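Please open the model in your viewer and keep the sequence panel beside it. The tour below moves from one selection to the next and says what is to be found at each.

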Amino acid sequence: MTKLAVPKKVSLSVGELIVKAVAASKERNGLSVAALKKALAAGGYDVDKNKARVKTAIKSLVAKGTLVQTKGTRTSGSFKMNKATESKAKKPAAAKAKKPAAAAKKSPKKAAAALQPLARSQPHQRTIVRVAVTSLCM
């Protein structure tokens with residue numbers, strides 16, 4: 001006897017369900033984990049069976065910056081949407097093409113001159129230029 005192929009249900013991931021539930025919440029301080037689990041259960045997700053998946057999804061969403069934890073620690077407390085990601089989601093960002101790095105080799109004097117205006121700017125840009133200069137000089 002052969003088994004008939006049963007098509008797998010295609011649904012949203014746990015993280016996407018959590019984001020939808022938190023976004024739909026109008027709570028000022030965010031949605032608590034208990035309320036979040038109730039919302040997932042009301043949506044047809046088996047929370048009791050997938051407790052670990054819910055926890056790991058919450059951890060990853062906080063790590064990515066999609067959710068912000070307003071109360072509690074780790075996966076307990078309350079969570080709300082990050083305002084920075086909300087505004088990015090609402091506005092389609094115009095993709096700006098970055099200019100490719102110059103492939104031409106620079107002389108050490110020109111490279112040192114390039115470091116001068118960056119001396120007072122952001123530190124990460126200085127290190128990028130230094131790495132580029134040292135790789136060109138070698």
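Helices and strands are here DSSP runs, a helix (H or I) having at least four residues and a strand (E) at least two, and they are numbered from the N terminus. By that rule Ser78 lies in strand S3, and the tour will return to this residue after a look at the helices. The model is a predicted one.

**The whole chain**

Begin with the protein chain coloured by secondary structure, where six helices and three strands can be found. Followed from the N terminus on, these elements run α-β-α-α-β-β-α-α-α. Of the 138 residues in the chain, 21% count as buried, and among the contacts with a separation of 6 or more, 42% are made by residues 24 or more positions apart.

**Helices H1 and H2**

Next, select residues 14-24, which form helix H1, together with residues 33-42, which form helix H2; their axes come within 10 Å and cross at roughly 110 degrees. Angles of 65 to 115 degrees count as roughly perpendicular, and H1 and H2 are therefore roughly perpendicular to each other. Their crossing is right-handed. If side chains are now displayed, Leu17, Ile18, Ala21 and Val22 of H1 are seen to meet Leu36, Ala39 and Leu40 of H2. The residues of this contact divide into seven nonpolar, no polar and no charged.

Stay on Leu36 for a moment: leaving aside residues up to four places away in sequence, Leu36 touches Ile18, Ala21, Val22, Leu31 and Ile58.

**Helices H1 and H3**

Keep H1 selected and replace H2 with helix H3, residues 51-64. The axes of H1 and H3 come within 9 Å and cross at roughly 70 degrees, so that these two helices are also roughly perpendicular to each other, and the crossing is right-handed. On the H1 side the residues to select are Val14, Gly15, Ile18 and Val19, which meet Arg53, Val54, Ala57, Ile58 and Leu61 in H3. By class, this contact has seven nonpolar, one polar and one charged residues.

**The largest nonpolar core**

Which residues of the largest nonpolar core touch the most other members? Among its 17 residues, these are Ile18, Val22, Leu36, Val54 and Leu67. The elements that give two or more residues to this core are H1, H2, H3 and strand S3, residues 78-81.

**Strands S2 and S3**

Move now to Ser78 in strand S3, which at 9% relative accessibility counts as buried. With residues up to four places away in sequence left out, Ser78 touches Asn29, Gly30, Leu31, Ser32, Val68, Gln69, Thr70 and Lys71.

From that list, pick Val68, which is found in strand S2 and is partly exposed, with a relative accessible area of 31%. Val68 touches Ser78, Phe79, Lys80 and Asn82, again not counting residues up to four places away in sequence. A C-alpha to C-alpha distance drawn between Val68 and Phe79 should read 5.5 Å, although the two are 11 residues apart in sequence.

**The loop between S2 and S3**

Finish with Arg74, which lies in the loop between strand S2, residues 67-71, and S3. Is this residue buried or exposed? At 72% relative accessibility, Arg74 counts as exposed. Its backbone also merits a check, since most residues other than glycine have a negative phi. Arg74 has a positive phi of about 50 degrees although it is not a glycine.

Terms used. Residues numbered from 1 in each chain as written. Predicted model: local features only at pLDDT ≥ 70, side-chain atom pairs only at ≥ 80, totals over all residues. Heavy atoms only, no water. Axes fitted to C-alpha atoms, helices over the stretch in contact; angles between N-to-C directions. Parallel < 35°, antiparallel > 145°, perpendicular 65-115°, else oblique. Left-handed = near helix turned anticlockwise from the far one by under 90°. Contact = heavy atoms within 4.5 Å. Nonpolar A, V, L, I, M, F, W, Y, C, P; charged D, E, K, R; others polar. Core = buried A, V, L, I, M, F, W, Y, C linked by side-chain atoms within 4.5 Å. Buried < 20%, exposed > 50% of the residue type's maximum accessible area, 1.4 Å probe, protein only.
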